[in-house]
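Please open the structure in your viewer and keep the sequence beside it, since this tour moves from one selection to the next and says what can be found at each stop.

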Amino acid sequence: MKYQFANNIPESDEDPVGNILKVAGDPKVISFAGGLPAPELFPVEDLKKVTNEVYDESGRQALQYSIAAGYPELRKQIAKRMNRSGIACDIDNIMITTGSQQSIDLTAKLFVNPGDTVIVEQPTYLCALDVFRSYGAHMVGVPMDDDGMKMDALEKAVQDNPNTKFIYTVPSFQNPTGRTMPADRRQKMIEIADKYNVMILEDDPYGAIRFAGQDVAPVKTFEHDERVIYMSTFSKILAPGLRIGWIVAEKNLVKKFTLMKQTVDVHSDNLTQHIIAKYLEDFNIDDHIAKIRETYRRREGIMMDAIEKYFPKNAKYSHPEGGLFIWVEVPGVDTQTLFNTCIDHDVAFVPGEPFYADKVIPGTFRLNYSNMQDDKIVTGIERLGNAIKETISKQVEV
């Protein structure tokens, strides 16, 4: 049978990132490809304890259908955290989602018509790009420097695209670059959005995982008229398998989000919402986050030291103060050739191409340091450094 797919469904079934992760999953390969939290830090015993408490105290309620906005007790707990971060809100400003990916999808569903412009960082989170493409968005990438999106380039992009629906930004420890936007640029982003009347989607999955430097307030704290949709998740600070995230937005907008969510999955997993709410009640999640920060601080330091030792001197790389990623650029190197050489050396990364909305910078790739044991980080970076030098040598010979 010939299927009549919607116009925005890709013709090809090729999944380049999935193929990369499949190759990287070979047990002998040291993989820096996945954006995975460290599984040994998951609070398994604590979650087991609170899960039993939920079954004992409210099992029938937790196993029943619930409201699309989410379990009120969990929203109250999230509101407390948001207010401590400087985002003034109550539970009516919050909707629970099935992970950050659903937050991105619902925002695109709510705002984007085919041909509308979404402005993104260049590079940016590859799965967000996939979502925006699925709704027929015209994506415009704004170049970055070490402090994130360049504001002069952002303003020009908005000027040149009057049909812009929103700016998508990951301002803290960005995926894939690990860069953080300073406060003055966040303020300027709000000024640009106000001037041209566009929304901002602030994706903040990593903000709590700062292990160096000073905290920077969320973009939403700088707004004047509630044009920022803030989103975050428990995936990086608790466990990704729970699949629970949240949106913070103006109350009437949350009602629209709730209507959209009802058409997708009725509500996010009710039992899991009860479990997380109970965990937040019984345990201090900030103590748990402190353990994550310390582990990632150590692993990032080990990786940075190894990069400085084993990479060629012309390699450029970010210096994250938190999050999960380091972004590398090796000028003049073909990334796919380098990836193939790395597989021969039993080490893997994610090539940079899928992170770009339009023009690709060659020789770029993302490294993850959170999900690898300390000794394997050193071994893997040594292998990667050797593969880079081998690739450069072969290109010179040609």
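## A tour of side-chain contacts

Begin by selecting W327 and F355, both of which are buried. What you have on screen is a predicted model, and the positions described along the way should be read with that in mind. With the two side chains shown, look at how their rings are placed: the centres lie 5.8 Å apart and the planes stand at 85 degrees, so W327 and F355 make an edge-to-face pair. If you then colour the chain by its elements, you will find W327 in strand 11 (residues 325-329), while F355 sits in the loop between strand 13 (350-351) and strand 14 (364-368), so that the pair links distant parts of the chain, 28 residues apart.

Next, keep to aromatic rings and widen the view, since the count of aromatic pairs in this structure comes to 12. One of them is formed by Y3 and F5, a tilted pair with 5.7 Å from centre to centre and 40 degrees between the planes. Is this second pair buried or exposed? Turn on the surface around Y3 and F5, and you will be looking at two residues that are both exposed. For the last stop among the rings, select F111, F132, F166 and Y168 together, because these four residues form one aromatic cluster.

Now turn to charged side chains. Side chains of opposite charge can pair when their charged atoms come close, and the structure holds 26 salt bridges. Select K49 and E53, whose closest N and O atoms are 2.5 Å apart in the salt bridge they form. Both residues belong to helix 2 (residues 44-62), where they are four residues apart and thus separated by about one helical turn. With a relative accessible area of 41%, K49 is partly exposed, whereas E53, at 17% relative accessibility, counts as buried.

Leave K49 selected and add D282, which also forms a salt bridge with K49, the closest N and O atoms here being 3.9 Å apart. Which parts of the chain does this pair link? D282 lies in helix 9 (residues 270-282) and K49 in helix 2, so the contact joins distant parts of the chain that are 233 residues apart. D282 itself counts as partly exposed, at 31% relative accessibility.

Move on to helix 10 (residues 285-310) and select E294 and R297, which both lie in that helix, three residues or about one turn apart. These two residues form a salt bridge with closest N and O atoms 2.5 Å apart. E294 is partly exposed at a relative accessible area of 38%, and R297 is partly exposed as well, with 36%. Before leaving the charged residues, select K49, E53, E57, K278, E281 and D282 as a group, and you will see one network, joined by salt bridges that share partners.

The final stop concerns cysteines. How many disulfides does a search of the whole structure find? The search finds zero. You can still select C89, which counts as buried at 13% relative accessibility, and then C127, which counts as partly exposed at 25%.

How values were computed: Residues numbered from 1 in each chain as written. Predicted model: local features only at pLDDT ≥ 70, side-chain atom pairs only at ≥ 80, totals over all residues. Heavy atoms only, no water. Salt bridge = Lys/Arg side-chain N within 4 Å of Asp/Glu carboxyl O. Helix = DSSP H or I, 4+ residues; strand = E, 2+ residues; numbered from the N terminus. Buried < 20%, exposed > 50% of the residue type's maximum accessible area, 1.4 Å probe, protein only. Phe/Tyr/Trp six-rings, centres within 6.5 Å; stacked < 30°, edge-to-face > 60°. Disulfide = S-S within 2.5 Å.
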